[in-house]
Amino acid sequence: ISLRRRRWAVEASWLRVARTLSTIQGGAISVGPLLHLGPVLLLPAISGFGGRAQASRDSTGYDFVGAGGVIGHQPRYSYSSAGAAGGGVGLTVEAPLYRAIGIRAVASQWFFSGAPLEGDRQRFLVGAGLSLRVGR
């Protein structure tokens, strides 16, 4: 959800970043100027995040040598979950498609805190979608 004025925008959203062995999810708020380039709208933004981080790690797995000398690994995952906070910067590009409907592309770089993310704190995200303009 975005509140836009003539020169700036504030956006509140739900952010979920899921990877194979970790997930970050929670609320995000972004603020930034509106830059018009003809019919295209550029929205550079600074963002903040609050939520939870969960991760699994192969902390107690072991290696083995099987029949015929085949080397393998038996993972044993430990799971951790904790509160997380973060911040990021991003750029959104919107272009009108038809009347109040527009197309939207987003790229952002995020940095997160929280014990489960030790050693793996940054995420680069890209996305695309539609926007719907309501009210004036």
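Here a biologist and a modeller talk through the strands and nonpolar core of a predicted model.

Biologist: What makes strand 3 and strand 5 a pair?

Modeller: Pairing takes at least two bridges. Strand 3 and strand 5 have ten, running in the antiparallel sense, so they count as paired. One spot to look at is Gly27, which stands opposite Gly50 in strand 5.

Biologist: And how do you know that strand 5 and strand 8 pair?

Modeller: By the cut-off of at least two bridges. Strand 8 covers residues 77-98, and 18 bridges link it to strand 5, again antiparallel. Look for Ile46, whose bridge partner in strand 8 is Val89.

Biologist: Why is strand 4 said to pair with strand 5?

Modeller: Strand 4 is just residues 35-37, but it makes three antiparallel bridges with strand 5. The cut-off is two, so that's a pair. Leu37 stands opposite Val40. The two strands form a hairpin with two residues between them, and Gly38 in the turn has a positive phi of about 65°.

Biologist: What makes the set with Leu15, Trp110 and Leu125 a nonpolar core?

Modeller: Such a set needs buried nonpolar residues joined through side-chain atoms within 4.5 Å. Eleven residues make up the largest one here, including Val17, Phe49 and Leu117. Strands 2, 3, 5 and 9 each give two or more residues to this core.

Biologist: How do you know that Leu117 is in contact with Ile24 and Phe112?

Modeller: Contact means heavy atoms within 4.5 Å. Leaving aside neighbours within four places in sequence, Leu117 has contacts with Ile24, Ala53, Arg57, Phe112 and Arg123. Among them, Ile24, Ala53 and Phe112 are also listed in the core.

Terms used. Residues numbered from 1 in each chain as written. Predicted model: local features only at pLDDT ≥ 70, side-chain atom pairs only at ≥ 80, totals over all residues. Heavy atoms only, no water. Buried < 20%, exposed > 50% of the residue type's maximum accessible area, 1.4 Å probe, protein only. Helix = DSSP H or I, 4+ residues; strand = E, 2+ residues; numbered from the N terminus.
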